[in-house]
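Thanks for coming. I will go through one model this morning, strand by strand where that helps, and then turn to the rest of the chain.

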Amino acid sequence: LEQMPDIVCLQEVEENFFEADWNTHASVLLENYNTYKKILQGSGGTTVLVSKSCPFQVCGETKVGGERATGGSSKSTVCVRLKNSGGDAVVVLSSHLSFKPAQRQEHMEHLQTALGVNDGYERVVFCGDFNTCPEDLPEFVTNSFFANRNMTLVAPENYALTGCGTNNSQPRKCIDYIYVSGLNVVEGSVEVGGEPRFPYAHEKEEVSPAEVVTPSDHCWLSIRLTF
């Protein structure tokens with residue numbers, strides 16, 4: 001956040017994520033970003049934050065998934081459409097997919113239906129927690145969403161490990177990705193950071209802020225894109 005990126009995509013975000021008691025960065029986020037969260041009460045959802053200084057303005061948002069067929073309320077995608085004053089357009093998708101292949105594919109089919117072939121947005125950033133290991137990506141990208149777009153996997157490089165299991169202090173698998181279409185990645189800009197581990201001192205459904213010992217069980221991914 002010190003770099004103040006134009007776009008921040010988050011997954012598994014609870015309603016109280018933007019409350020200071022739970023998030024020490026809440027005031028910074030709310031001061032500098034417009035939030036497009038579409039979070040259902042009592043469930044972790046996906047979020048796209050757009051910097052208030054970003055040259056692109058939001059002109060539409062859509063939420064997809066969050067149903068039993070796609071893996072439950074937390075398995076959702078928020079799609080934010082942006083345009084600048086010159087008419088350049090891009091759609092950003094922050095997604096949390098199921099670890100079950102059939103539910104992932106169902107989610108992607110819903111996404112294709114919601115966006116159409118390209119919805120006038122040939123430039124796409126599709127990122128998040130896909131719960132899909134590298135060996136399963138070839139099957140994953142056969143769905144209609146990918147078939148109708150020239151999507152390229154740009155992060156993490158060399159399938160860097162990004163996620164960990166319960167009570168595991170070290171990353172153990174690559175399950176988080178960034179795909180783009182119609183955009184160029186600035187050379188040397190791909191970053192993977194953080195030390196993911198299970199977020200709570202004790203595994204239980206309800207916790208207090210004091211019991212949160214680490215922000216996430218995933219790494220963060222960062223890239224710089226140009227037209």
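**Strand β9 and its surroundings**

Let me start inside the protein, on strand β9. D176, I178 and V180 point one way from β9, while Y177, Y179 and S181 point the other way, and all are buried. Keep in mind that this is a predicted model. Buried here means under 20% relative accessible area. By that cut-off 6 of the 6 residues of β9 are buried, so the strand is largely enclosed by the rest of the structure.

What does β9 pair with? On one side there is β7, and β7 and β9, residues 176–181, pair in the antiparallel sense over 6 bridges. Two positions to pick out on screen: C127 stands opposite I178 in β9, and D129 has D176 of β9 as its bridge partner. β8 also pairs with β9, again in the antiparallel sense, over 3 bridges. There, the bridge partner of L153 is Y179 in β9.

As a reminder, strands of a sheet pair through backbone hydrogen bonds, either parallel or antiparallel.

**The six-stranded sheet**

Now zoom out. How many strands form the open sheet with mixed pairing? There are 6, in the order β4-β5-β6-β7-β9-β8. The edge strands are β4 and β8, the latter at 152–155, and each of them pairs on one side only. From one strand to the next, the twist averages 20°. Helix α2 packs on this sheet and touches β4, β5, β6 and β7; the direction of α2 makes about 30° with that of β5.

**Helix α2**

Staying with α2, a quick geometry check. The helix covers residues 101–115, which is 15 residues, and at 1.5 Å a residue they should span 21 Å. The end C-alpha atoms of α2 are 21 Å apart, so the two values agree.

Which residues of α2 are buried? They are Q103, R104, H107, M108, L111, Q112 and L115. The partners of these buried residues go beyond the sheet strands just mentioned: they pack against β4 (57–65), β5 (76–83), β6 (89–96) and β7 (124–129), and also against α3 (137–140) and α4 (144–147). After α2 comes G116, which has a positive phi, near 75°.

**The three-stranded sheet**

There is also an open sheet of 3 strands, in the order β1-β3-β2, with antiparallel pairing. Its edge strands are β1, at 7–13, and β2, at 33–36, and each pairs on one side only. The twist in this sheet averages 25° from one strand to the next. β1 and β3, residues 45–51, pair in the antiparallel sense over 5 bridges. If you want one pair to look at, V50 in β3 is the bridge partner of I7.

**Cysteines and one valine**

A word on cysteines. Taking a disulfide as a pair of cysteine sulfur atoms within 2.5 Å, the count comes to 0 disulfides. Two cysteines to note are C54, buried with a relative accessible area of 6%, and C79, buried with a relative accessible area of 0%.

The other residue I would like to show is V192, found in strand β11, residues 191–193. Is V192 buried, partly exposed or exposed? With a relative accessible area of 34%, V192 is partly exposed. Leaving aside neighbours within four places in sequence, V192 is in contact with P156, A160, T162, C219, W220 and L221. The C-alpha atoms of V192 and A155 are separated by 8.4 Å, and these two residues are 37 residues apart along the chain.

**Whole-protein numbers**

To finish, some totals. The protein has 4 helices and 13 strands. Of its 227 residues, 42% are buried. Among contacts with a separation of 6 or more, 66% are between residues 24 or more positions apart. The exposed area is about 11900 Å², and carbon and sulfur atoms supply 45% of it.

Technical notes:
Residues are numbered from 1 along each chain as its sequence is written. This is a predicted model: local features need pLDDT of at least 70, side-chain atom pairs count only at pLDDT 80 or more; totals for chains, interfaces and linings use all residues. Side-chain values use heavy atoms; hydrogens and water are left out. Two strands pair if DSSP finds at least two bridges between them. Axes are lines fitted to C-alpha atoms, for helices over the stretch in contact, and angles run from 0 to 180 degrees between N-to-C directions. The expected span of a helix is 1.5 Å times one less than its number of residues. Buried means under 20% relative accessible area, exposed over 50%, partly exposed in between (1.4 Å probe, protein chains only). Contact means heavy atoms within 4.5 Å. Accessible areas come from the Shrake-Rupley method with a 1.4 Å probe; for residues, only the protein chains shown count as cover.
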